[in-house]
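Here is a short tour for anyone meeting this structure for the first time. Have a look at the model, then read on.

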Amino acid sequence: MLRPGFAVEEGGGRQPRRRLAGRSARVIVTMGMPALWYRIYFRAAGVRGLERSILAFCGIRPVRESLIGLVESDAKGRRRWLDRVRRFGQSAT
């Protein structure tokens with residue numbers, strides 16, 4: 001949740017002050033369809049909207065995205081994509 005005064009602050013000018021400038025983000029999206037199909041056919045519209053309308057507005061850059069498609073509901077498949085997400089977290093520290 002981004003609240004006024006935390007993420008942005010009105011400074012009296014035309015543009016609000018972006019209080020989260022200098023920070024980065026990773027957006028992880030899981031889906032049942034192939035990630036490549038989402039990226040090509042839908043042009044990753046949901047992810048793009050989040051990046052432009054919320055994260056960039058607050059000053060968060062760069063934004064990395066990870067689209068994980070064909071997420072299986074079985075334990076082995078779930079473990080595989082959870083391990084992938086865990087590696088993202090380990091490489092960020």
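Setting aside neighbours up to four places away in sequence, E65 is in contact with R26, V27, R39, V47, R48 and E51. Keep in mind as you look around that this is a predicted model. E65 itself belongs to strand β4, which runs over residues 63-68. Is E65 buried or exposed? E65 counts as buried, because its relative accessibility is 19% and the cut-off for buried is under 20%.

Two of those contacts are polar ones between side chains. E65 meets R39 at 2.7 Å, and E65 also meets R48, this time at 2.8 Å.

Next door in the chain sits S66, also part of strand β4. S66 is buried too, with a relative accessibility of 4%. Leaving out residues within four places in sequence, S66 touches R26, V27, I28, V29 and F88.

Now for the charged pairs. Side chains of opposite charge can pair when their charged atoms come close. How many salt bridges does the structure hold? The count is 6, and the table lists some of them.

| Salt bridge | N to O distance |
|---|---|
| R19 and E9 | 3.4 Å |
| E65 and R39 | 2.7 Å |
| R48 and E51 | 3.1 Å |

Take the R19 and E9 salt bridge. This pair ties together distant parts of the chain: R19 is in the loop between β2 (17-18) and β3, E9 is in strand β1, and 10 residues separate them. R19 is partly exposed, at 35% relative accessible area, and E9 is partly exposed as well, at 30%.

The salt bridge between E65 and R39 also links distant parts of the chain, with E65 in strand β4 and R39 in helix α1 (residues 35-41), 26 residues apart. Here the buried E65, at 19%, pairs with R39, which is partly exposed at 35%.

R48 and E51 form a salt bridge inside one helix. They are 3 residues apart in helix α2, so about one helical turn separates them. R48 is partly exposed at 26% relative accessible area, whereas E51 counts as buried at 15%. Put the pieces together and you get a network of salt bridges linking R39, R48, E51 and E65.

What about the nonpolar side chains? In soluble globular proteins, they tend to be buried together. In this model, the largest nonpolar core has 8 residues: A7, V8, L20, A25, V27, L55, C58 and I60. The elements giving two or more residues to this core are β3 (25-30) and α2. A second, separate core has 6 residues, among them M31, Y38, A44 and V47. Back in the largest core, A7 is in contact with L2, R17, R18, R19, L20 and C58, once neighbours within four places in sequence are left aside.

Some nonpolar residues sit on the outside instead. L2, F6 and I54 make up a nonpolar patch on the surface, and their accessible area together is about 260 Å². I54 comes from helix α2, which spans residues 45-58, and is partly exposed at 37% relative accessible area.

One last stop is M1, in the segment before β1 (8-9). M1 is exposed, with a relative accessible area of 88%. Although M1 and I54 are 53 residues apart in sequence, their C-alpha atoms are 11 Å apart in space.

Technical notes
Residues numbered from 1 in each chain as written. Predicted model: local features only at pLDDT ≥ 70, side-chain atom pairs only at ≥ 80, totals over all residues. Heavy atoms only, no water. Patch = residues over 30% accessible without salt bridge, like charges linked within 9 Å, V, L, I, M, F, W, Y side chains within 5 Å. Areas by Shrake-Rupley, 256 points an atom, 1.4 Å probe, with all protein chains shown as cover. Salt bridge = Lys/Arg side-chain N within 4 Å of Asp/Glu carboxyl O. Helix = DSSP H or I, 4+ residues; strand = E, 2+ residues; numbered from the N terminus. Buried < 20%, exposed > 50% of the residue type's maximum accessible area, 1.4 Å probe, protein only. Polar contact = N/O pair within 3.5 Å; in protein donor to acceptor, adjacent residues only side chain to side chain. Contact = heavy atoms within 4.5 Å. Core = buried A, V, L, I, M, F, W, Y, C linked by side-chain atoms within 4.5 Å.
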